[in-house]
2 protein chains.
Amino acid sequence: MSTSIATDHSTRDRIAAAAAPLFADRGFAGVSVRDIADAVGIKAASLYNHYADKEALYFAVLALVFSRRAALVEDALKATGTPRARLKEMVSALVQGTAGDPVAARLLQRELLDGDIRRFERLVGDVFGRPFAHMTALLTELAPGGDGAQTAAYLISLIHGYCVFAPVFPALDPSLTTDTSVLADNLAEELLGRMERPRP
Amino acid sequence: MSTSIATDHSTRDRIAAAAAPLFADRGFAGVSVRDIADAVGIKAASLYNHYADKEALYFAVLALVFSRRAALVEDALKATGTPRARLKEMVSALVQGTAGDPVAARLLQRELLDGDIRRFERLVGDVFGRPFAHMTALLTELAPGGDGAQTAAYLISLIHGYCVFAPVFPALDPSLTTDTSVLADNLAEELLGRMERPRP
DNA sequence: GTGAGACTAACGAACGTTAGTTAGGCTTGG
DNA sequence: CCAAGCCTAACTAACGTTCGTTAGTCTCAC
C-alpha cells in the first residue's frame with residue numbers, strides 16, 4: 001500500500017540488500033535507519049518512500065535472505081543418485097547454507113532469540129517447512145527404522161550450533177577445526193554409519 | 001573503584017540479577033537503563049551509584065550468569081563411578097545447564113553473536129576454558145583413539161543448537177520432542193555406542 | 001550520650017544525543 | 001506535465017548520563 005511495486009528490482013531491493021548484513025551483525029535494535037540509508041547512499045527519510053517503517057523493512061530482509069537460503073537446501077534435495085550420494089549432498093548443502101552464508105545464519109539466530117511463536121510459525125510455513133519435510137523424507141527413506149524428523153532436527157541443531165560456536169573454537173582448543181567441509185564429511189559419515197547399524 | 005565492595009550482596013547484586021533476564025530476552029541495545037531500574041525498583045540515576053555505565057553492568061551480568069553455569073558443569077565432572085555413569089552425568093549436566101537455564105543460554109547466544117575475538121578469549125579464559133578442558137579429558141579417557149576435543153565441540157554444538165531451535169520444533173513437526181531429558185539420554189547413548197565401536 | 005562529620009544510596013531534573021518518523025519542496029525521466 | 005523519488009528540515013520520544021540534593025547510617029571525640 002504505502003510502497004511501490006513497480007520498482008521492486010531497484011532501490012527497494014537495494015535497501016533490503018544493504019540492510020541485511022547490518023541487521024545480521026548488530027540486530028534490529030542495534031541498527032538505525034540512518035545507518036541503513038548511509039549504506040544505500042541515500043538519506044534516512046527516503047527509506048520511507050519504499051517501506052512503511054523500520055519493522056516492515058526488517059521483515060522484507062528476513063524474507064529476502066531466508067528464501068534464498070531455503071532454495072539452496074531444496075535444490076540440493078532434488079539431487080538423484082545413490083542414497084549415500086544424496087545424503088552427502090544434503091548435508092553438504094546444509095553446512096554450506098549455514099557456514100557459507102553468515103548473514104542468513106546470524107539473522108536466523110537472532111530470529112530464534114527475538115521471535116515469538118507467531119513469527120516462528122510464519123517462518124516455518126513460508127520458507128523452512130518444505131525443506132525440512134523433504135529432509136525428513138530422505139532420512140526416513142534411507143533409514144526406515146529410525147525417526148527421520150528427529151534425526152533431521154539433530155542434524156540442523158548440530159550444524160547451526162557448530163557454525164555459531166566456530167569463532168570461539170580456536171580459543172577453546174587450537175586443535176579444533178573450523179573447516180566446515182570437514183564438518184560436512186564427518187556428519188555424513190556418522191549418519192551413514194548409524195544407518196548401516198540399525199539400532200543405536 | 002567507582003563502586004563499593006562492602007555491600008555487594010545487596011543492591012549491586014540485585015541490579016545484576018534483575019538485569020540478567022532483561023538482557024537475555026532483548027539484548028544489550030534492546031534494554032534501557034530505565035527498564036533495569038524499574039525492574040529493581042529504583043530510578044535510573046541510582047544505578048550509577050553501583051556501576052560505572054551500562055556496559056559495565058552488562059559485563060557484570062555476564063560474569064554472574066556464566067560463572068554460575070560453568071560451576072554447574074564442572075561439578076558434574078567431579079562425579080566418580082563407571083565411565084558410563086560419568087559420561088551420562090556430564091551430558092546431563094550440559095543439557096541441564098543449557099535447557100534449564102534459558103537466561104544463561106540466551107546470553108551466551110547473544111554473546112556469540114555480538115562479541116568479538118577479545119571477548120571470546122576473555123570468556124574462555126575466565127569461565128568456559130576449564131570445564132571444556134575437563135570435558136575433553138573425560139572424552140579422551142573414555143575413547144583414547146578418538147579426538148576428545150572435537151567430540152566435546154560437537155557435543156556442545158548439538159546441545160546448544162537443539163535448545164536454541166527447541167521453540168521452533170513444534171511448528172516444524174509435531175512429533176519432535178522438546179523434552180530435554182530425552183535429548184540427554186539419546187546423546188549419552190550415541191556417544192557410548194560410538195566408543196564401543198572404535199572407528200566411525 | 002550526643003552531636004559533628006563522613007559516607008552510602010536514593011531521588012528529581014536536566015543535559016546533549018540519537019532514535020524513528022513526517023512534511024514539504026526540488027529534480028527529473030517518461 | 002506529472003508523479004516518483006530524492007532532499008532538507010523538523011518533530012517527538014527515548015536514550016545514556018550527570019548533576020545537585022537529601023535522607024539515612026555509621027563512627028567517634030567530647
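**Chains A and B around DNA strand D**

Author: In this predicted model, the surface near DNA strand D draws at least two residues from each of two helices, namely α3 (44–47) of chain A and α2 (33–40) of chain B.

Reader: Okay, and which residues come nearest to DNA strand D?

Author: There are 18 residues around the strand, and those that come nearest are Lys43(A), Asn49(A) and His50(A), together with Tyr48(B) and Lys54(B). Of the strand's atoms that come within 4 Å of the protein, 54% belong to sugar and phosphate.

Reader: What is the make-up of that surface by class?

Author: The surface near DNA strand D comprises seven polar, six nonpolar and five charged residues.

Reader: Which atoms of Lys43(A) and Thr11(A) lie by a phosphate oxygen?

Author: For Lys43(A) it is a backbone N or O atom, placed 2.6 Å from a phosphate oxygen of DNA strand D, whereas for Thr11(A) it is an N or O atom of the side chain, at 3.3 Å from a phosphate oxygen of that strand.

Reader: And what does Arg34(B) reach with its side chain?

Author: An N or O atom in the side chain of Arg34(B) is 2.9 Å from a base nitrogen of DNA strand D.

Reader: Switching topic, how can chain B be laid on chain A?

Author: A turn of 180 degrees with a shift of 0.0 Å along the axis lays chain B on chain A, and the RMSD is 0.0 Å. The two copies are therefore related as by a two-fold rotation axis. Both copies use the same surface, since 100% of the contact residues of chain B recur in chain A.

Reader: What about the fold, how many helices and strands does chain A have?

Author: Chain A has ten helices and zero strands, and its C-alpha atoms fill a box of roughly 60 × 40 × 30 Å along the principal axes.

Reader: Where is the kink in α7(B)?

Author: The kink, of about 70 degrees, is at Phe128(B), shortly before the proline Pro131(B). Helix α7 of chain B, residues 117–142, has 26 residues, yet its end C-alpha atoms are only 32 Å apart, short of the 38 Å that a straight helix would reach.

Notes
Residues are numbered from 1 along each chain as its sequence is written. Chains are lettered from A and ligands numbered from 1 in the order in which they are written. This is a predicted model: local features need pLDDT of at least 70, side-chain atom pairs count only at pLDDT 80 or more; totals for chains, interfaces and linings use all residues. Side-chain values use heavy atoms; hydrogens and water are left out. A residue is near a molecule or strand if one of its heavy atoms lies within 4 Å of it. A polar contact is a pair of N or O atoms within 3.5 Å; within protein, one must be able to donate a hydrogen and the other to accept it, and residues adjacent in sequence count only if both atoms are side-chain atoms. Helices (H or I, at least four residues) and strands (E, at least two) are DSSP runs, numbered from the N terminus. Ala, Val, Leu, Ile, Met, Phe, Trp, Tyr, Cys and Pro count as nonpolar, Asp, Glu, Lys and Arg as charged, and the others, Gly among them, as polar. Copies are superposed by least squares on the C-alpha atoms of residues with pLDDT of at least 70 in both. Contact means heavy atoms within 4.5 Å. The expected span of a helix is 1.5 Å times one less than its number of residues. The bend at a residue is the angle between axes fitted to the seven residues ending there and the seven starting there.
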